[in-house]
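Reader: I am in my first year and would like a close look at one part of this structure, the place where the ligand is held. Could you take me through that part slowly, in one connected answer?

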Amino acid sequence: MRTIGALLLAGGLCAAATACADKANAPRALAQADDGQGLALIERHGCAACHAIPGVRWPKGRTGGDLAGVGARPMIAGRLPNQPAVMTAFVRDAPALLPDTGMPPMPLTDAEARDVAAYLYTLDDE
Ligand code: HEC
């Protein structure tokens, strides 16, 4: 019991600290998501026009930065905690979270955004 309590406490602290990658929660929070479908959506929606993305051969855009390793970074766009729900919201409508961002809103449903986020969490090493 004491171990479980310590884990819950650690989880709470992790959620409170903005610079904490919450990878431990990723599979559970995105349980219904399909990362293979996410890659297909990423290709169809042209994310690679602005981003180099492992798994997408072409194009390799540069305006948005390389997404290699994005799943393991502590922050999204340097300013948001890298947690599954935040990533899902960000890929769908980044300006709703960061009004001054250069990342445009993308025409994804919430379920599609979850699939996209699931794929991004497979990109967990540089
Ligand atoms: C028109 C160019 C453009 C397109 C298209 C685009 N992005 Fe972005 N993206 C950006 C820019 C610019 C940023 C940097 C935002 C910032 O720092 O505020 C960004 C940031 C991001 C980040 C955060 C990266 C990090 O290092 O933390 C992710 C994740 C992301 N984009 C995913 C996607 C996905 C997935 C798609 C397709 C559904 C997509 N982007 C389409 C321009 C784009």
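Author: Helices here are DSSP runs of H or I with at least four residues, strands are runs of E with at least two, and both are numbered from the N terminus. With that in hand, and keeping in mind that this is a predicted model, we can begin with the chain as a whole. The protein chain contains five helices and two strands, and along the sequence these follow one another as α-α-α-β-β-α-α. Of the 126 residues in the protein chain, 37% are buried.

The ligand itself sits in the largest pocket. The elements that each contribute two or more residues to the shell around the ligand are β1, α4 and α5, and among the contributions to that shell the largest share, three residues, is the one from α4. There are 22 residues around the ligand, and those that come nearest are Cys47, Cys50, His51, Arg73 and Met103.

Two of these residues deserve a slower look. The iron atom of the ligand is coordinated by His51 through NE2 and by Met103 through SD, at 2.0 to 2.1 Å. Six donor atoms surround the iron atom of the ligand, and because the angles they subtend run from 88 to 178 degrees, the arrangement is octahedral. Histidine 51 belongs to the loop between α3 (35-44) and β1 (75-76), whereas methionine 103 belongs to the loop between α4 (84-97) and α5 (110-122), so the pair ties together parts that lie 52 residues apart in sequence. Histidine 51 and methionine 103 are both buried.

Beside the bonds to the iron atom, there are polar contacts to consider. In the side chain of histidine 51, an N or O atom is 2.8 Å from a nitrogen atom of the ligand. Threonine 101 has a polar side-chain atom 2.6 Å from an oxygen atom of the ligand, and for arginine 79 the distance between a polar side-chain atom and an oxygen atom of the ligand is 3.5 Å.

Finally, we can return to α4, the helix that gives three residues to the shell, and look at one of its residues. Alanine 85 lies in helix α4, and because its relative accessibility is 59%, where exposed means over 50%, alanine 85 counts as exposed. Measuring from C-alpha to C-alpha, alanine 85 is 8.8 Å in space from alanine 117, although the two are 32 residues apart in sequence.

Notes:
Residues are numbered from 1 along each chain as its sequence is written. This is a predicted model: local features need pLDDT of at least 70, side-chain atom pairs count only at pLDDT 80 or more; totals for chains, interfaces and linings use all residues. Side-chain values use heavy atoms; hydrogens and water are left out. Donors are N, O and S atoms within 2.8 Å of the metal (3.2 Å for Na, K and Ca); water is not among the atoms, so sites may look incomplete. Four donors count as tetrahedral if all angles lie between 85 and 135 degrees; four count as square planar and six as octahedral if opposite donors are over 155 degrees apart and all others between 65 and 115; anything else is irregular. Buried means under 20% relative accessible area, exposed over 50%, partly exposed in between (1.4 Å probe, protein chains only). A residue is near a molecule or strand if one of its heavy atoms lies within 4 Å of it. A polar contact is a pair of N or O atoms within 3.5 Å; within protein, one must be able to donate a hydrogen and the other to accept it, and residues adjacent in sequence count only if both atoms are side-chain atoms. On a 1 Å grid over the protein atoms alone, a cavity is a set of points where a 1.4 Å probe fits but cannot get out, and a pocket is an open set with protein on both sides within 12 Å along at least five of seven lines; lining residues have an atom within 4 Å of a point. A molecule sits in a cavity or pocket if more than half of its atoms lie within 2 Å of its grid points.
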